[in-house]
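Visitor: I'm new to this and keep hearing labels thrown around. Could you show me a structure and explain how the labels are earned?

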Amino acid sequence: MSSLKNRVQLIGNLGQAPEIINLSSGKKLAKFSMATNEKFKNTHGEVITETQWHNIVAWGKTVDIIEKYLDKGKEVAVEGKLTNRSYETNEGEKRYITEIVINELQLLGGK
C-alpha cells in the first residue's frame, strides 16, 4: 500500500504543445498543461462539463516520447505523483505551484 500514498492517474487532453527544456546537465525536461473533463447533470437536467487543468512535468526517456508524439489536443493517460514547489517572479513575488511529475505515459485517441 505504500505505493498508493502519492499516486495520480489522469486521462485528458493537452492544452498546448509540450515545452521541451534542455538543461545544462544534459538532461531534458518536458512541461505541458492537461485538461480533464467531468460531466454531470444539474438540477434542471442540463449536462454540465467541468474542466480541471493540471501542470505536468516529465523527465528522462519519457521526454523523448513526449517530444516525438505529443501536440496540443492529443489525448493521453498519465501516472505520477503530486509535487509542490515555489518560485520567485522577476518582480520578487513568491508563487506556489502544484505539478504532477509523471513516470508513465500512454497515448490514446488514435492517430
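Visitor: What makes Glu99 count as buried or exposed?

Guide: First, a word on the model: it's predicted, so local features need pLDDT of at least 70 and side-chain atom pairs count only at pLDDT 80 or more, while totals for chains, interfaces and linings use all residues. Residues are numbered from 1 along each chain as its sequence is written, and side-chain values use heavy atoms, leaving out hydrogens and water. Now, buried means under 20% relative accessible area, exposed over 50%, and partly exposed in between (1.4 Å probe, protein chains only). Glu99 has 7%, so it's buried.

Visitor: And why is Arg85 called partly exposed?

Guide: Its relative accessible area is 34%, which lies between those two cut-offs, so the label fits.

Visitor: How do you know that Glu99 and Arg85 form a salt bridge?

Guide: You need a side-chain nitrogen of Lys or Arg within 4 Å of a carboxyl oxygen of Asp or Glu. Here N to O is 3.0 Å, so the pair qualifies. Glu99 sits in strand β6 and Arg85 in strand β5, 14 residues apart.

Visitor: What about Glu67 and Lys28?

Guide: Their closest N and O atoms are 2.7 Å apart, so that's a salt bridge too. This one links helix α1 to strand β3. Lys28, Asp64 and Glu67 are joined in a network of salt bridges.

Visitor: Why do you say the buried residues of α1 line one face?

Guide: Thr62, Val63 and Ile66 are the buried ones. Directions from the helix axis to the C-beta atoms define the arc, and the buried residues fall within 100 degrees, so they line one face. The face turned away carries exposed Lys61 and Lys68.

Notes:
Helices (H or I, at least four residues) and strands (E, at least two) are DSSP runs, numbered from the N terminus.
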